[in-house]
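Thanks for coming. I will walk through one structure today, starting with a single residue and moving outward.

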Amino acid sequence: MGSTYTSRKNSKLLSPIRLGQMNLGHRVIMSAMTRLRCPGSVPKPIVTEYYTQRASKGGLLVTEGMHPSFMVEDTMMHLACLHRKKVTDAVHAKGAFMACQLWHVGRCAVSVSLGGRQPLSSSATNLGYHNRNTPGGVAVPHEIAKAMTLQDIQDTIDDHVHAAKCAIEAGFDCVEIASGNGYLLDQFLNSNTNLRTDNYGGNKENRARFTLEILDAVIAAVGASRVALRTSPWGTVWLPLDPDPIANWRYLLSEIEKRGIAYVCLTQPRADLLLEEKTKIDNIFTAIKEGKVAATVEDLHLRHFEEVLKTTPVLANGNYDSENCFDEVEKSEVDAIVFGRYFISNPDLVEKLRLGKKLTKWNNATVYITSVANEIEGYTDYPFGEVEEEITVV
Ligand SMILES: Cc1cc2nc3c(=O)[nH]c(=O)nc-3n(C[C@H](O)[C@H](O)[C@H](O)COP(=O)(O)O)c2cc1C
């Protein structure tokens, strides 16, 4: 006997929405995910197949993070983008849209991946872990970052502009500026990592300055309707929770609201790529109890930020599944849902949600490339349609 499904085709999640220049057919968006198949930022041929599998009519796919500054000696943004034209063409041919994430990792990089240069950050801090995303895949300890000079800041703004222009030339519909998850711009926003005493440090206005200057420069280059931003007010990935996330991010987002960009993607407080949901929430509760965060346990949501974004479309990400993805859009609390890992393991995610079919769970062991010889496993080999047995989760 066949399975019975509850079709969700009439839900608002599966209805059209306009984001900047993009007229989407539904609101199920694929999140930026670095999958390590783009050495030197140049995508391997398999990358086209991966995105094409996940492209749906009127859908939006966000690419893995692309480094706007020259992260590897020989990498040229133009070259990288030129190769990406094949990807954007293939995705467009299926009626989908594509955003390119510009992602400067700051102190999360190591000098061996930067042609020997010291990683940059707001201040001279050390992330204090190991980085395995190195030439040869050898784990290398993080170093003390270089506190960026004003020239470094200007150069990085220019790099974002150059990268954005290249991305639009390569056929991307939009660029998404990564300003969350503990990466460079978050290292400026968060007062644990920003120890500066100049115009880019101290109060919230100064800490937000770098993100807003990048945004303004990129908007001037490619137009506000082709620019988006991702940020994580409750973020604890690669840095401690900011002591005053509500006030700081309300300020940032109220400034962004004035700029009329295509969308803002916000990460849910429950989500942390490195932690289970319960651990993440418990950690924030503990920080609140210890008086380290200006918030109460009732504050743990995104509404503080959504209410500031009155006209800017708000996308929410983090631990959404086939059950919890409908309600907030239905109630117009957010405009769309951004899926990460379920898009890895369900190339036909949109269709499954539409038909109410069971989702395939992803395999953590293969979210990153397992060996150079095997770039397919966990990348383009997930099945379409429903599978009876879940893929083994490690
Ligand atoms: C393999 C992998 C790579 C990721 N790379 C990026 C990235 O390059 N840029 C980014 O902003 N987020 C990145 N993320 C975070 C995802 O975009 C997303 O926020 C996270 O997976 C939580 O969403 P989910 O619960 O739907 O998976 C990555 C996540 C995974 C699993």
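**From one loop residue to the barrel**

Ser41 counts as buried because it has 22 C-beta neighbours inside 10 Å. The cut-offs are these: a residue is buried if 20 or more other C-beta atoms lie within 10 Å of its own, exposed if 12 or fewer, and partly exposed in between, with C-beta atoms placed from the backbone.

Before going on, two notes on the source. This is a predicted model, in which local features need pLDDT of at least 70 and side-chain atom pairs count only at pLDDT 80 or more, while totals for chains, interfaces and linings use all residues. Residues are numbered from 1 along each chain as its sequence is written.

Where does Ser41 lie? Ser41 sits in the loop between strand 3 (28–30) and helix 1 (45–54). Helices (H or I, at least four residues) and strands (E, at least two) are DSSP runs, numbered from the N terminus. From Ser41 to Gly65 is 24 residues in sequence and 9.1 Å in space, C-alpha to C-alpha.

Gly65 brings us to the ligand, since Gly65 is one of the closest residues to it, along with Ser31, Thr34, Gly340 and Arg341. In total, 25 residues surround the ligand, where near is taken as a C-beta atom, placed from the backbone, within 6 Å. At least two residues of this shell come from strand 4 (60–66), and at least two from helix 10 (341–345). By class, the shell has 11 nonpolar, 10 polar and 4 charged residues. Here Ala, Val, Leu, Ile, Met, Phe, Trp, Tyr, Cys and Pro count as nonpolar, Asp, Glu, Lys and Arg as charged, and the others, Gly among them, as polar.

Now the barrel. Which strands close into it? There are 8, in the order 3-4-5-10-11-12-13-14, and the pairing is parallel. Two strands pair if DSSP finds at least two bridges between them.

Take strand 11 (residues 227–231) as an example. 5 of its 5 residues are buried, so strand 11 is largely enclosed by the rest of the structure. Val227, Leu229 and Thr231 point one way, and Ala228 and Arg230 the other way.

On one side, strand 11 pairs with strand 10 over 4 bridges, in the parallel sense; Leu229 is the bridge partner of Ile177. Strand 11 also pairs with strand 12 (residues 263–267), again parallel over 4 bridges, and Thr231 stands opposite Leu266 there.
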